[in-house]
Amino acid sequence: MKKILSLLAILLLAKATIAQDKSPVQFVFSTQRTSDSLVQLTISAKLEKGFQLFGLKKQSNEDEFVSSLQLDNTITTDSIIEEGKLMQIPATDASLPSFRVYEDSVRFSYFFEVPANDSIILKGSLNWLGKQADEYPSGSESFAVEVLPTNKDSAENNSEIANQTLWQIFLLTFLTGLLAVITPCVFPLIPVTVSFFLKRSKTRAAGIKNALWYSLSIIGIYTVPTILLVLLFGDDILYQISTSAISNLLFFAIFLVFAISFFGAFELQLPNSWANKADQKAGKGGLGGIFFMALTLVIVSFSCTGPIVGTLLGQTSTGGVSTAPIIGMLGFGVGLALPFSLFAFFPSMLQSLPKSGGWLNSVKVSFGFIELALALKFLSNVDLIYHWRLLDRDVFLVLWIVIFVLLGIYLLGKLKFSHDSDLPYVSVPRLFFAIASFSFALYILPGLWGAPLRHLSGFIPPDGTQEFNLDALKYQLNSGTNQNGNTLHLAQPPQRLADKLHVPYGLVAYFTLEEGMAAAKALNKPIMLDFTGHSCANCRKMEKEVWKDPAVLQRMKENFVLVSLYVDESTELPIKEQYIKKDGDKVITEGDKNLDYEITQFGFNAQPLYMFLDLNGKPLSSIKYGYDPDIAKFIAHLDAAKAAFEKNK
């Protein structure tokens with residue numbers, strides 16, 4: 001009996017311990033500098049269903065019916081921001097007033113003054129009070145978070161985002177390199193090349209060594225020229241190329257020619273003399289000979305890989321970071337070279353490869369349809385820069401729908417080109433690829449009536465170019481009111497470039513800093529600088545993924561004067577506003593002026609970039625906020641900028 005009672009006691013104690021450990025609310029504490037001397041402490045709380053949390057006060061007396069924050073540091077703050085799903089519950093006792101309570105989730109933001117060069121550990125405890133049914137559970141959460149000096153904090157923040165972006169670029173280009181292996185120009189060369197290494201080498205180890213050198217040579221051929229281009233012409237050369245209207249028009253022409261070639265109208269290849277000379281040097285043997293074998297592959301496969309490389313360079317260069325296109329070419333080279341090394345390590349895998357045949361031509365034609373779609377993307381960039389209005393969003397989508405429907409029909413064997421083999425039946429892979437093509441066409445079809453198509457925001461023209469847009473209509477109807485339906489008072493409406501440039505979701509934006517500054521002073525609001533571009537894919541993604549969020553949109557409308565500065569706007573400046581920079585380059589267009597301002601004032605040439613200014617044009621935060629789809633983080637940054645403005649009034 002004693003043993004049974006002891007066991008029951010242990011079980012009850014364990015149950016009580018588990019019950020105590022399981023808290024109905026989970027907290028996350030974090031800090032970030034919003035300016036040189038202002039630090040934001042953010043407390044994020046996730047609440048269980050049915051649980052409600054009382055609002056906070058910085059310091060609380062024991063008899064107050066609220067949650068409270070107790071700090072061990074001798075730092076004070078009077079600025080507190082609460083945001084979440086607010087529920088006003090009646091007091092159960094007449095002697096107690098009603099308090100702010102939240103459910104689902106809530107975020108509390110505190111702002112402290114910490115000198116720019118100081119590094120401290122912010123310590124304290126959060127004493128929370130909740131309500132669940134008729135009970136009022138409470139608890140305490142201790143925390144210790146580090147506040148870094150200004151320079152280190154900004155550098156680590158930007159470095160983290162940059163590293164994530166570079167890894168994404170590498171992964172994308174690596175997968176693209178693997179995809180390029182199955183093109184008709186590369187695939188037939190795999191068994192021939194690998195067998196050559198294994199047969200000419202005296203040992204298997206030597207064959208593997210030669211294959212590895214061959215793969216490294218391929219990687220170097222794609223990567224080294226990109227590095228040299230950056231070293232010779234500067235960090236932003238590829239960015240300048242990718243955002244130039246002339247470059248985009250040239251890319252459109254090249255991709256169109258490639259697409260027509262893939263359809264079988266003619267064979268496109270680099271001069272045979274180049275391949276012959278490289279092949280002759282490859283026959284001399286040694287590591288040098290193997291290098292020229294790799295160069296021969298690159299030259300021979302150019303008709304298939306050239307468009308892919310051009311697309312990758314164009315997409316990875318728009319960030320303005322010289323490292324991005326280098327990483328992109330490295331990833332592509334690794335993806336393209338990897339199969340050669342794998343088959344050298346495991347030559348028996350060569351037997352599992354499908355034989356070359358008509359399917360390779362089908363792959364080539366399919367690439368032709370895709371190249372045609374990409375060509376329209378480059379032409380769209382030019383159309384936006386020069387405001388031709390030839391490829392508005394609806395026209396662009398119609399062309400893409402037709403292209404991908406035709407691709408699906410081709411994959412089913414119902415559309416045939418002169419050099420296609422007979423297709424007695426549809427294979428399972430072709431069927432699935434056809435389903436994917438038709439599904440994509442159906443996915444973008446609602447875009448003709450204004451469906452957001454968020455996943456394609458970086459590729460298709462912006463919503464403002466579409467005349468009939470049901471999704472944008474609701475924002476237009478509420479463009480002059482806040483979330484409560486109250487009328488927003490506007491300063492002088494935008495004048496310059498307002499007939500050419502537009503921002504989405506009923507927002508009002510100025511397109512020159514001078515007009516924006518005048519409006520900010522009239523409204524006594526801080527400025528939100530939006531450095532953007534017509535050909536900036538990440539700018540469109542931010543608008544679709546972050547700006548459109550109701551909480552973000554509310555803050556942008558009510559708390560800031562939005563100034564959108566297009567760095568690739570082709571409209572010429574008035575003669576009196578044109579000038580020559582220190583390096584001798586002329587600033588002639590609105591885009592030239594905006595880009596020069598971004599570089600000289602903020603040391604940055606990537607888009608998007610969001611900076612916040614006070615009424616004297618001075619930054620409210622040292623953080624260079626770029627592309628980051630984290631909505632909660634962007635909201636916290638907006639609130640911090642607003643708080644910094646109010647504090648410095």
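**Strands, rings and a cavity in a predicted model**

User: This is a predicted model, so what makes β11 and β15 a pair?

Analyst: Five bridges join strand β11 (residues 527-532) to β15, and the two run antiparallel. A pair needs at least two bridges, so β11 and β15 count as one. To pick out one contact, Phe531 has Leu609 as its bridge partner in β15.

User: Why is β15 called mostly covered?

Analyst: Strand β15 spans residues 609-613, and five of its five residues are buried. Leu609, Met611 and Leu613 point one way, Tyr610 and Phe612 the other way, and all are buried. In a regular strand, side chains alternate between the two faces of the sheet.

User: Back to Phe531: why is the ring pair of Phe531 and Tyr597 called tilted?

Analyst: The structure holds 28 aromatic pairs. For Phe531 and Tyr597, the ring centres are 5.9 Å apart, which is within the 6.5 Å limit, so the rings pair. Their planes sit at 40°, neither under 30 degrees nor over 60, so the pair is tilted. The pair also links distant parts of the chain: Phe531 belongs to strand β11 and Tyr597 to helix α18 (residues 590-602), 66 residues apart. Both Phe531 and Tyr597 are buried.

User: And what makes Tyr625 and Phe634 edge-to-face?

Analyst: Their ring centres are 5.3 Å apart and their planes are at 65°, which is over 60, so edge-to-face it is.

User: How do you know whether Tyr625 and Phe634 are buried or exposed?

Analyst: Buried means under 20% relative accessible area. Tyr625 has 5% relative accessibility, so Tyr625 counts as buried. Phe634 has 0%, so Phe634 counts as buried too.

User: Why is the charged end of Arg430 described as sitting over the ring of Tyr410?

Analyst: The charged end of Arg430 is 5.8 Å from the ring centre of Tyr410 and sits over that ring. The distance part of the rule asks for within 6 Å, so 5.8 Å passes. Tyr410 also forms one aromatic cluster with Phe263, Phe369 and Phe417.

User: What about cavities: which element gives the largest share of the lining of the second largest one?

Analyst: Helix α16 does, with three residues. There are five cavities of 30 Å³ or more, and the second largest has a volume of about 90 Å³. It is lined by 13 residues, of which Pro462, Asp463, Arg540, Glu543 and Lys544 lie nearest its centre. By class, that lining has seven nonpolar, one polar and five charged residues.

User: How do you know α16 is mostly covered?

Analyst: Eight of the 11 residues in α16 (residues 537-547) are buried. Among them are Arg540, Glu543 and Lys544.

Terms used
Residues numbered from 1 in each chain as written. Predicted model: local features only at pLDDT ≥ 70, side-chain atom pairs only at ≥ 80, totals over all residues. Heavy atoms only, no water. Buried < 20%, exposed > 50% of the residue type's maximum accessible area, 1.4 Å probe, protein only. Helix = DSSP H or I, 4+ residues; strand = E, 2+ residues; numbered from the N terminus. Phe/Tyr/Trp six-rings, centres within 6.5 Å; stacked < 30°, edge-to-face > 60°. Lys NZ or Arg CZ within 6 Å of the ring centre and 35° of its normal. 1 Å grid on protein atoms, 1.4 Å probe; cavity = no way out; pocket = protein on both sides within 12 Å on 5 of 7 lines; lining within 4 Å. Points joined across faces, edges and corners; volume = space filled by probe spheres on them. Nonpolar A, V, L, I, M, F, W, Y, C, P; charged D, E, K, R; others polar.
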